[in-house]
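User: I'm new to this structure and would like a close look at a single part of it. Could you pick the sheet with a greasy spot on its surface, and then walk me outward from there?

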Amino acid sequence: MHQQKRQPELVEGNLPVFVFPTELIFYADDQSTHKQVLTLYNPYEFALKFKVLCTTPNKYVVIDAAGAVKPQCCVDIVIRHRDVRSCHYGVIDKFRLQVSEQSQRKALGRKEVIATLLPSAKEQQKEEEEKRIKEHLTESVFFEQSCQPGQENRAVSSGPSLLTVFLGVVCIAALMLPTLGDMESLVPLYLHLSVNQKLVAAYILGLITMAILRT
């Protein structure tokens, strides 16, 4: 009865395969990364057979390239890079994990994992950090000046827009207003600002200052 319930799912050949990670990155200058571990999960109620294939098997050593996974268990597959040379930097290789039921030969599901060899972990981290900084700067400058042809375009590019100056003045005025709880101030109570409101005003003023310095 149990076999009849799952048989339609197995016949389709589209059984989802759960593997982590889905990308392997090896660094030539870091020997600790020359050995990577793939974890194959079996969340099903029946055992699975697996086989690991590779597009360039001469570059890697796969320990336990074939085996079985018990129901609702997992297995670790160790992959070693044995050809760390500069000619392989940036080349993308692929591993394919095929799974099948123990009583069948046909692959019921498959999952591809890409592998890449990079020259240096430090250089990669530096590039990612520079990319994050550029993205942060792009997102922080949200005051965009519209470019128009003729004299208006030259007037806008020659200095900050009126809207930017107006917002800056408003932020400065907000920072000069008394804070909530300041009983000695002669300013009406409805003009007292909270600490959070003043922090927002200070943040916006800083962004406006950056935009003005860029013009």
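Analyst:

**The patch and the sheet behind it**

F18, F20 and Y41 make up a nonpolar patch on the surface, and together they have about 330 Å² of accessible area. Before going further, keep in mind that this is a predicted model. F18 sits in strand 1. Is F18 buried, partly exposed or exposed? Its relative accessibility is 40%, so F18 counts as partly exposed.

Now for the sheet itself. Four strands make an open sheet, and their order is 1-3-7-5, with antiparallel pairing. Strand 1 and strand 5 are the edge strands, each pairing on one side only. From one strand to the next, the twist averages 25°. As background, the strands of a sheet pair through backbone hydrogen bonds, and they can do so parallel or antiparallel.

Let's cross the sheet strand by strand, starting at the strand 1 edge. Strand 1 covers residues 18-20 and strand 3 covers residues 35-42; three bridges join the two, which run antiparallel. If you want a spot to look for, find V19, which stands opposite L40 in strand 3. V19 also falls between two members of the patch, F18 and F20. It helps to know that in a regular strand the side chains alternate between the two faces of the sheet.

Next comes the step from strand 3 to strand 7. Strand 7 takes in residues 73-81, and eight bridges join strand 3 to it, again antiparallel. Here you meet a patch residue once more: Y41 stands opposite C74 in strand 7.

The last step takes you to the other edge. Strand 5 and strand 7 run antiparallel and are joined by four bridges. For a landmark, take Y60, whose bridge partner in strand 7 is H81.

**Just outside the sheet**

Two loop residues are worth a stop. The loop between strand 7 and strand 8 holds H88. H88 counts as buried because its relative accessibility is 13%. Which side chain does the side chain of H88 contact? It makes a polar contact with the side chain of D83, at 3.0 Å.

The other stop is T33, in the loop between strand 2 (23-27) and strand 3. T33 also counts as buried, with 12% relative accessibility. The T33 side chain reaches a piece of backbone, namely the nitrogen of Y27, at 3.0 Å.

**Salt bridges**

How many salt bridges does the structure hold? There are four. Side chains of opposite charge can pair when their charged atoms come close.

One of the four is between K59 and D93, where the closest N and O atoms are 2.7 Å apart. This pair links distant parts of the chain: K59 is in the loop between strand 4 (48-54) and strand 5 (60-63), while D93 is in strand 8 (residues 92-101), 34 residues apart. Are these two residues buried or exposed? K59 has 5% relative accessibility, so it counts as buried. D93 has a relative accessible area of 3%, so D93 is buried too.

A second spot involves three residues: K94, R96 and E112 are linked in a network of salt bridges. Take K94 and E112 to begin with: their side chains meet in a salt bridge at 3.9 Å, N to O. K94 lies in strand 8 and E112 in strand 9 (residues 109-118), so the pair ties together parts that are 18 residues apart in sequence. The side chain of E112 also meets that of R96 in a salt bridge, at 3.0 Å, N to O. This pair, too, links distant parts of the chain, with R96 in strand 8 and E112 in strand 9, 16 residues apart.

How does the network sit with respect to the surface? K94 counts as partly exposed because its relative accessibility is 38%. E112, at 39% relative accessibility, is partly exposed as well. R96 comes in at 31% and also counts as partly exposed. By contrast, K59 and D93 are buried.

**Putting it together**

If you trace the route again, start at the patch of F18, F20 and Y41, follow the 1-3-7-5 order across the open sheet, and finish at the network of K94, R96 and E112.

Technical notes: Residues numbered from 1 in each chain as written. Predicted model: local features only at pLDDT ≥ 70, side-chain atom pairs only at ≥ 80, totals over all residues. Heavy atoms only, no water. Pairing = 2+ DSSP bridges. Buried < 20%, exposed > 50% of the residue type's maximum accessible area, 1.4 Å probe, protein only. Patch = residues over 30% accessible without salt bridge, like charges linked within 9 Å, V, L, I, M, F, W, Y side chains within 5 Å. Areas by Shrake-Rupley, 256 points an atom, 1.4 Å probe, with all protein chains shown as cover. Axes fitted to C-alpha atoms, helices over the stretch in contact; angles between N-to-C directions. Polar contact = N/O pair within 3.5 Å; in protein donor to acceptor, adjacent residues only side chain to side chain.
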